[in-house]
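I sat down with this model to see how it is put together. These are my notes, in the order I looked things up.

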Amino acid sequence: MKPYFTTETIIAPIDIYPIKKADFSVWFADQTDHDKNWLTAMGFSVDSNKVGLIPNQHGKLAKVIYPVEHFDGLWQLAGLPAQLPAGIYQLQGLTTQQYELAACGWGLAIYKFTRYKTPKNGQAAVLYLPKTVNIDAVETQIDATNLVRDLINTPAEHMGPADLATAADIIAKQFGVDIKHIIGDELLKNNFPAIHAVGRGSKKAPQLIDMTWGDPTHPKITLVGKGVCFDTGGYDLKTASGMRLMKKDMGGAAQALGLAQWIMTSKLPIRLRVIIGAVENMVSGDAYRPGDIIPTRKGLNIEIGNTDAEGRVVLSDCLALACEDKPDMIIDFATLTGAGKIGLGPDIPSLFSNNDEVAKQLVTISMQCDDLVWQIPLYKPYREYIDSSFADISNDSSSPYAGAMTAALFLNEFVDTQIPWVHFDIMGWNMKTRAGRPEGGEAMGMRAVYYYLQNKCKLV
Ligand SMILES: [Zn+2]
């Protein structure tokens, strides 16, 4: 069990009372003079999102008051661990489901990326978990998210294509999964020319990672991840500020691995395949150039309008491969465009799909699990923006508008129309620390997809 959880009651836990902000004055009127006077003297405000720590007559912490909007949701109580002194706590007044959500938020809030920075001493607050809470489910979700965070937060120097492959190997070994790596020039021999073209400019060889798990008779779900371990933009170089966070450009691959780990640990009855195109988009004497026309696995030729639109080029081969064994669904995650984030901001992934029913279900579930995603249409008339005069398609749009959509329309060209396909354009990064969500790498849309798949399995 995580060090910040316990099921022991040797030491009586300190009670935390989440209080709905709207009900605060009624609740307050009902308290003892001691507690009322203490909270007033400490300047406790229901609007502050700060804990109220109330001592007993001996000066020991006796209970904690915490104002919330409501009791449901992952983040409502996620501000607690950062504000509590060391000790063992239990939450009062919650249903089992609310307790589980709060426990997930608690664990996600305690995450720290410690590889390069020794955490300051100080024991984390420990949450007591009653027997009714499904501890495995809570911890599996926390582990999946924290794996995504760790992989994204690791700088490109230590998270190149081979390191990403090692991360996949570790998961594969843990679950006894078949995993294949096609590396460097082997990509050309095995007909992955687009992945090779983008990655060949780096000293760190590009590679395709392909793993399969589960009973072949179960529904076949294939996850595809963009694994651009660092994106300079290639010769159409990014600006300094545009390049600053580009260690996160493998966030889609990280999320595919995190979700795979979650699915396999939970033993969802699906046949899972994970395909990752892992490259570094660098400049060198061997890097691909603007104006180059490169072949793809699917057979379409791509004119490179801009070497910074490399993610879709890498994904073109990954998606073509994903279609070959005719899965029941393909889901890709990619930190693909800035335009997606201009539209919906950093927190909300744009969702595109060739199947509106699947998209609607995903959006509905995303709202229920505090992991909002939002559908943008695949509006076919904009396909002409990525026409090329010299090749089948351009990786660069001729229009300044609808950049996330033209990227999705590009990917759509590499997917069989018969196969339901969902594409998530994600940020993969918390721009600032909020309750439960520290600044840095973050899973986005992963919970929505997990619960969608879990639900789908129940219906089969
Ligand atoms: Zn790029």
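I started with Asn49, which counts as partly exposed because 14 C-beta neighbours lie inside 10 Å. The scale I used calls a residue buried if 20 or more other C-beta atoms lie within 10 Å of its own, exposed if 12 or fewer, and partly exposed in between, with C-beta atoms placed from the backbone. Asn49 sits in the loop between α2 (33–41) and β3. Helices and strands here are DSSP runs numbered from the N terminus (helices are H or I with at least four residues, strands are E with at least two). I checked the backbone too: phi of Asn49 is near 60 degrees, a positive value in a residue other than glycine. Most residues other than glycine have a negative phi.

Two notes on bookkeeping. Residues are numbered from 1 along each chain as its sequence is written. This is a predicted model, so I keep in mind that local features need pLDDT of at least 70, that side-chain atom pairs count only at pLDDT 80 or more, and that totals for chains, interfaces and linings use all residues.

Next I pulled up Asn191, in the loop between α6 (186–189) and α7 (193–199). Its phi is near 65 degrees, again positive in a residue other than glycine. Asn191 has 17 C-beta neighbours inside 10 Å, so I wrote it down as partly exposed.

**Domains**

How is the chain divided? I have domain 1 at 5–133 and domain 2 at 139–459, with bounds that come from an automatic or database domain assignment. The C-alpha centres of domain 1 and domain 2 are 38 Å apart. Their contact takes 13 residues from domain 1 and 13 residues from domain 2; a contact means C-beta atoms, placed from the backbone, within 7 Å. On the side of domain 1 that touches domain 2, I noted 8 nonpolar, 4 polar and 1 charged residues. For these classes, Ala, Val, Leu, Ile, Met, Phe, Trp, Tyr, Cys and Pro are nonpolar, Asp, Glu, Lys and Arg are charged, and the others, Gly among them, are polar.

**A helix pair**

I then looked at α3 (residues 96–110) and α4 (residues 135–153), whose axes come within 9 Å and cross at roughly 35 degrees. Axes are lines fitted to C-alpha atoms, for helices over the stretch in contact, and angles run from 0 to 180 degrees between N-to-C directions. Which residues of α3 and α4 make the contact? From α3 I listed Glu100, Ala103, Cys104, Gly107 and Leu108, and from α4 Val138, Gln141, Ile142 and Thr145. By class, the contact has 5 nonpolar, 3 polar and 1 charged residues.

**Sheets**

One open sheet has 6 strands in the order β1-β6-β5-β2-β4-β3, with mixed pairing; two strands pair if DSSP finds at least two bridges between them. β1 (5–6) and β3 (52–55) stand at the edges with a single partner strand each, so one side of each has no neighbour in the sheet. β3 runs antiparallel to β4 (residues 61–68), joined by 4 bridges. I traced Ile54 to its bridge partner in β4, Lys63.

Another open sheet has 8 strands in the order β7-β8-β10-β9-β13-β17-β14-β15, also with mixed pairing. Here β7 (178–183) and β15 (374–375) are the edge strands, each with a single partner, so one side of each is left without a neighbour in the sheet.

I spent some time on β10 (residues 271–281), where 10 of the 11 residues are buried. It pairs with β8 (residues 207–213) in the antiparallel sense over 7 bridges, and Thr212 stands opposite Arg273 in β10. With β9 (residues 220–231) the pairing is parallel, over 11 bridges, and there I found Gly227 opposite Ala278 in β10. Helix α9 (residues 251–265) lies across β8, β9, β10 and β13, running at about 145 degrees to β9.

**Asp231**

Last, I checked Asp231 in strand β9. Buried or exposed? Asp231 counts as buried because it has 27 C-beta neighbours inside 10 Å. Leaving aside its neighbours within four places in sequence, I found Asp231 in contact with Met246, Asp249, Asn281 and Glu310. Asp231 and Met246 are 15 residues apart in sequence and 5.5 Å apart in space, C-alpha to C-alpha.

Terms used. Two residues are in contact if their C-beta atoms, placed from the backbone, lie within 7 Å.
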